[in-house]
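Trainee: I have a new structure open and don't know my way around it. Can we go through it together?
Mentor: Sure, go ahead and bring it up.

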Amino acid sequence: MNPMVKAEGVHKNFGRLEVLKGIDLEVQPGEVMCVIGPSGSGKSTFLRCINHLEKIDAGRLWVDGELVGYRQKGDKLYELRDHEVARKRREIGMVFQRFNLFPHMTAVENVMEAPVQVKRESRAEVRERALALLDQVGLADKANAYPNQLSGGQQQRVAIARALAMRPKLMLFDEPTSALDPELVGDVLAVMRKLAEDGMTMVVVTHEMGFAREVGDSLVFMDGGVVVEKGHPRDVITSPRHERTQSFLAKVL
Ligand code: ADP
Ligand code: MG
């Protein structure tokens, strides 16, 4: 079985700024990998590279056995065209700190938007699945509410349902609870935990150490564009091997 994500010496620069300095990582199917690290360490950039939003400058990156950004024909590599990239991106769900729901659409319409645009399924079928997804995230009764009628936590759960609507094989979460009032964080984490229990492969950038410890299969500490430490969450949290991990954990725990 292919790893769901495999990174080998991944480098990313923005102009002269070296943001990723050789990332080596594997995420197995069904694994929940949590990623922690100081602001500016390259966590979001790494997720964006996995999701075709940034092009890497060196190294290789695969999702489900396919090189990100390229199509292989014989032993030649061809850069993907825009519509091919769009198709690949549909296989990956991404949830951001800010939910970016369409403000003029109801919750269920937001969830239906991408599958309807892709037009492989009938509107009725998509609607039924969207309602089931809203039920899954605990918002069956909010299907017809507009984003401004929902709390931040409810909006984030709609965003998760929206990402799931394309039946992704991988879900990326970039600090999904960082913008929420503390009392709303738990409901979002509960939805993510359920998703993990159902076997979804997930990469979760988060500073919710309780979630990392209880739900994560692995925990990665990034700093300065490199993976400083990766291990079982319990091991990394209770006995970090590197001084940089220790001092970071001392601040977030
Ligand atoms: P993190 O998510 O760990 O906080 P980021 O991946 O967002 O870190 O950013 C890593 C570094 O890359 C930061 O110094 C940030 O300013 C820089 N950076 C991120 N995106 C861009 C961009 N599009 N252009 C220039 N610099 C960027
Ligand atoms: Mg970030």
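Trainee: Let's start with charges. How far apart are the mean positions of the positive and negative charges of the protein chain?
Mentor: They are 5 Å apart, with 35 positive and 35 negative charges in the protein chain. Keep in mind that this is a predicted model.

Trainee: OK. What about the surface, how much area does the protein chain expose?
Mentor: About 12,500 Å², and carbon and sulfur atoms supply 46% of that.

Trainee: And what share of the residues count as buried?
Mentor: 50% of the 253 residues of the protein chain.

Trainee: Which secondary structure elements are there, and how many?
Mentor: The protein chain has 12 strands and nine helices.

Trainee: What does the radius of gyration say about the overall form?
Mentor: The protein chain has 18 Å, and a compact globule with 253 residues would have a value near 18 Å, so the two agree. The C-alpha trace spans about 50 × 50 × 35 Å along its principal axes.

Trainee: How many of the contacts join residues far along the sequence, say at least 24 apart?
Mentor: 64%, counting contacts in the protein chain between residues at least 6 apart in sequence.

Trainee: Switching topic. Where does UniProt place a domain?
Mentor: The unreviewed UniProt entry places the feature "domain: ABC transporter" at residues 5-249. Over residues 5-249 the chain is 37% helix and 27% strand. The end C-alpha atoms of that stretch are 26 Å apart.

Trainee: Now a single helix. Is α1 mostly covered or mostly uncovered?
Mentor: Mostly covered: α1 runs over residues 43-50, and six of its eight residues are buried.

Trainee: Which ones are buried in α1?
Mentor: Lys43, Thr45, Phe46, Leu47, Cys49 and Ile50.

Trainee: What follows α1?
Mentor: Histidine 52 follows, and its phi is positive, near 65°.

Trainee: Let's go to isoleucine 237. Where is it?
Mentor: Isoleucine 237 sits in helix α8, which covers residues 233-238.

Trainee: Why does isoleucine 237 count as buried?
Mentor: Because its relative accessible area is 9%, and buried means under 20%.

Trainee: Which residues does isoleucine 237 touch?
Mentor: Leaving out residues up to four places away in sequence, isoleucine 237 touches Met209, Arg213, Leu219, Leu249 and Leu253.

Trainee: Take leucine 219 from that list. What separates the C-alpha atoms of isoleucine 237 and leucine 219?
Mentor: 8.6 Å in space, and the two residues are 18 residues apart along the chain.

Key
Residues are numbered from 1 along each chain as its sequence is written. Chains are lettered from A and ligands numbered from 1 in the order in which they are written. This is a predicted model: local features need pLDDT of at least 70, side-chain atom pairs count only at pLDDT 80 or more; totals for chains, interfaces and linings use all residues. Side-chain values use heavy atoms; hydrogens and water are left out. Helices (H or I, at least four residues) and strands (E, at least two) are DSSP runs, numbered from the N terminus. The radius of gyration is taken over C-alpha atoms; the globule rule is 2.2 Å times the number of residues to the power 0.38. Buried means under 20% relative accessible area, exposed over 50%, partly exposed in between (1.4 Å probe, protein chains only). Contact means heavy atoms within 4.5 Å. Accessible areas come from the Shrake-Rupley method with a 1.4 Å probe; for residues, only the protein chains shown count as cover. Lys and Arg count as positive and Asp and Glu as negative; His and the chain ends are not counted. The place of a charge is taken as NZ of Lys, CZ of Arg, CG of Asp or CD of Glu. UniProt positions are given in the numbering used here, feature names are shortened, and annotations may be inferred rather than shown by experiment.
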